[in-house]
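Please open the structure in your viewer and keep the sequence beside it. The tour below proceeds by selection, one stop at a time.

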Amino acid sequence: MDESAHILDGGNALRPQKRIFLGLLVVTCLLFTAILGVLWYVPYIGLTSLHPRLPLILGTFFFVLLGLVFGIVFILAFTVLLGRDLFFSRKLRGVVIKLLLPLMSGVGKLCGVSKDQVRRSFIEINNQLVLAQHPRATPDKLLLLMPHCLQFHECQFRITGSTLHCKRCGKCPIKGLAELSEKYGVGLAVATGGTLARRIVVERRPRLIIAVACERDLSSGIQDSYPLPVYGVVNRRPHGPCFDTMVDLERVEWALKNFLIPNNEVQSSRFKVQS
Ligand code: SF4
């Protein structure tokens, strides 16, 4: 499926990126089942000598544990496939971020899947879980967080302090992003690295972030910012990493429209508070 079709369907289709993460999850479940099976079977003969019911108790415990793991994986898979908040998608995002990403990186290595493929897949799954939560924010609480490598390498204007310094010459995507920021009234910040990105988030206190970066920086940014919802868009790197990178502005705008509370709703809620 091409990118525009993906944007139109809200990212619900099972793209290859998502398939990698879900596939690795299935492999992990099978490995987990095999390990528990061995753990139960090996002491099976010896356990009866301690207590005749011990194998049954241990077997039941392992069975319940497996049920729990498979249950979480099923809920995760259906949330991703349907794009709807079935049960506690916010907590699910926590499980994916804190537990499954490191685990999947390890299993991916065993299966010959590169780190960046796992990260890309993780970002897609994270986006799907964020969409399933249906978070909405007013323009002042939504932040567009961009990497410095989007800026044209010969540009002399310093935009990390303020993107207002951009002269909008059109030589890099900052022009389009500045226009989106102006059109929707949302904040736009450019960070040179993870430390500055974290500082910007602390200072601006957004409720929702649309972030653009490479797979590595986006994954760590999503992890660092949790429980804050971060919708990630991976940049394109036609000239290699960290150099004159590009971003799909259409996708950023789609995300903006999806997460922003429309102006008329903001104004009517303000009017209600005043009256
Ligand atoms: S669009 Fe802005 S940031 Fe990009 S090269 Fe032109 S002036 Fe510099």
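How many helices and strands does the protein chain have? The chain contains 11 helices and 4 strands. Please bear in mind throughout that this is a predicted model.

**The whole chain**

Begin with the entire protein chain displayed. Of its 275 residues, 31% count as buried. Among the contacts with a separation of 6 or more, 66% join residues 24 or more positions apart.

**Strand 3 and its partners**

Select residues 208–213, which form strand 3. Is this strand enclosed or open? All 6 of its 6 residues are buried, so strand 3 is largely enclosed by the rest of the structure. In a regular strand, side chains alternate between the two faces of the sheet. Here both faces are covered: Leu208, Ile210 and Val212 are buried on one side, and Ile209, Ala211 and Ala213 on the other.

Now add residues 142–147, which make up strand 1. Strand 1 runs parallel to strand 3 and is joined to it by 4 bridges. To locate one of the paired positions, select leucine 142, whose bridge partner in strand 3 is leucine 208.

Next, add strand 4, residues 230–234, which pairs with strand 3 in the parallel sense over 5 bridges. Here alanine 211 has glycine 232 of strand 4 as its bridge partner. Follow the chain from strand 3 through helix 9 (residues 215–225) to strand 4; this β-α-β crossover is right-handed.

**Helix 6**

Move to residues 115–133, the 19 residues of helix 6. From first C-alpha to last, helix 6 reaches 27 Å, close to the 27 Å expected at 1.5 Å a residue. Because 15 of its 19 residues are buried, helix 6 is largely enclosed by the rest of the structure. Histidine 134 follows helix 6 and has a positive phi, near 50 degrees.

**Helix 4**

Select residues 54–82, the 29 residues of helix 4. At 1.5 Å a residue, helix 4 should span 42 Å, and its end C-alpha atoms are indeed 42 Å apart. Leu76, Thr79 and Val80 are buried in this helix. An α-helix has 3.6 residues a turn, so residues three or four places apart point the same way. Just after helix 4, glycine 83 takes a positive phi of about 70 degrees.

**The ligand**

Finally, select the ligand and the 14 residues around it. Which of these residues come nearest? They are Phe152, Cys155, Cys166, Cys169 and Cys172. By class, the shell around the ligand comprises 8 nonpolar, 2 polar and 4 charged residues.

Definitions and conventions. Residues numbered from 1 in each chain as written. Predicted model: local features only at pLDDT ≥ 70, side-chain atom pairs only at ≥ 80, totals over all residues. Helix = DSSP H or I, 4+ residues; strand = E, 2+ residues; numbered from the N terminus. Buried ≥ 20, exposed ≤ 12 C-beta atoms within 10 Å, placed from the backbone. Contact = placed C-beta atoms within 7 Å. Near = placed C-beta within 6 Å. Nonpolar A, V, L, I, M, F, W, Y, C, P; charged D, E, K, R; others polar. Expected span 1.5 Å × (residues − 1). Pairing = 2+ DSSP bridges. Right-handed = clockwise from strand over helix to strand, strands pointing away.
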